[in-house]
Amino acid sequence: MPPLIGITCTSVHDPRTDTPWQGIKAAYVNAVRMAKGTPILIPLLDDKANLETIWERLDGLLLPGGGDISPEFYGKEVETELMAVDPLRDQVELWMARRALSDDMPLLAICRGMQVLNVAAGGTLYQDIASEIPIARKHNCSPPEHKSDCLAHVVQLQIDSLLAHAIRGGDTSYPPPTLHVNSRHHQALKEIGEGLVAVARSPDGIIEAVESPIHRFILGVQWHPEDLLQHDHTMRHLFENLVQAAAEKGSKR
Ligand code: MN
């Protein structure tokens, strides 16, 4: 049986019926399916009992992109204009990220997901790159101004990292490549959470990926690999590695 990969939902407002919805961008679902995992959406629930029931059935977790995490969760005041803050989603995803760390659940954390992973591990964020790091280049290259697969900057991977290994598809005979990535974030990792290591940076020093060396597969990337699969086959390896790790976990139940 293919491993079950949970993907957390985001809150959506349907203007047509003026009602709250929950859902997620189809590219995440398709990326997991393409990697031969079975995607399943996790609703934003405010009770731990139901989350626990869902958690017990998962083999892996994908934390997708989205709005800003409320700074209260990393012990800071609001210092800038924040984007689409959703405290319920923060609570659900922080709970899931902490459980992934404690249960060694395979986790691919994308964009906001990587920031959730960092905060769950006790790290902090720059609330706005442009105002806090003047030397940084533009990282919020978002639609409609930029297409979702617009290559905004390069990232340099750390040799011997889980990320470099994953990107190379397990072939270590050539050095880790410099990746060309999209970039749709205005926040970034500041203090790295306990147990995580930075394994990719953009030329201006912004942390673009973190991972945990002691877990089976816990990886966060600041870019959006789900939107680059058509152009860059190496991005598929990230989802394939998540699914492989989840299959190994599932088989040991
Ligand atoms: Mn970036």
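These notebook entries follow two pockets and a run of paired strands through the structure.

**Entry 1, the model.** I noted before anything else that this is a predicted model, and I kept that in mind for each entry below.

**Entry 2, the strand β13.** I began with strand β13, residues 218-221, and asked whether its two faces are covered or open. I found both covered, since Ile218 and Gly220 on one side are buried, as are Leu219 and Val221 on the other. In a regular strand the side chains alternate between the two faces of the sheet.

**Entry 3, the neighbours of β13.** I then looked up which strands pair with β13. Strand β6, residues 107-110, runs parallel to β13 and is joined to it by four bridges; within this pairing Ala109 stands opposite Gly220, and Ile110 has Val221 as its bridge partner. Strand β12, residues 207-211, is antiparallel to β13 and is joined to it by three bridges, with Glu211 opposite Leu219. I also recorded that β12 and β13 make a hairpin, in which six residues lie between the two strands.

**Entry 4, from β6 to β5.** I turned next to β6, where Leu107 and Ala109 point one way while Leu108 and Ile110 point the other, and all of them are buried. Strand β5, residues 60-63, pairs with β6 in the parallel sense over three bridges, and the partner of Leu63 in β6 is Ala109. Following the chain from β5 to β6, I passed through helix α3, residues 87-103, and this β-α-β crossover is right-handed. Ala109 therefore entered my notes twice, as the bridge partner of Leu63 in β5 and as the residue opposite Gly220 in β13.

**Entry 5, the largest pocket.** I looked up the largest pocket and found that it holds about 490 Å³ of space. Its lining has 24 residues, and those closest to the centre are Gly65, Gly66, Gly67, Met83 and Arg184. The elements that contribute two or more residues to this lining are β2 (10-14) and α4 (112-120). By class, I noted five nonpolar, 13 polar and six charged residues.

**Entry 6, the second largest pocket.** Here I found about 160 Å³ of space, with a lining that includes Leu162, His165, Arg216, Phe217, Asn241 and Glu248. Two or more lining residues come from each of α6 (162-167) and α7 (234-251). Which element gives the largest share of this lining? I found that it is α7, with four residues. The classes in this lining are four nonpolar, five polar and two charged residues.

Methods
Residues are numbered from 1 along each chain as its sequence is written. This is a predicted model: local features need pLDDT of at least 70, side-chain atom pairs count only at pLDDT 80 or more; totals for chains, interfaces and linings use all residues. Side-chain values use heavy atoms; hydrogens and water are left out. On a 1 Å grid over the protein atoms alone, a cavity is a set of points where a 1.4 Å probe fits but cannot get out, and a pocket is an open set with protein on both sides within 12 Å along at least five of seven lines; lining residues have an atom within 4 Å of a point. Grid points are joined across faces, edges and corners, and a volume is the space filled by probe spheres set on the points. Ala, Val, Leu, Ile, Met, Phe, Trp, Tyr, Cys and Pro count as nonpolar, Asp, Glu, Lys and Arg as charged, and the others, Gly among them, as polar. Buried means under 20% relative accessible area, exposed over 50%, partly exposed in between (1.4 Å probe, protein chains only). Two strands pair if DSSP finds at least two bridges between them. A crossover is right-handed if, with the strands pointing away from the viewer, the path from the first strand over the helix to the second runs clockwise.
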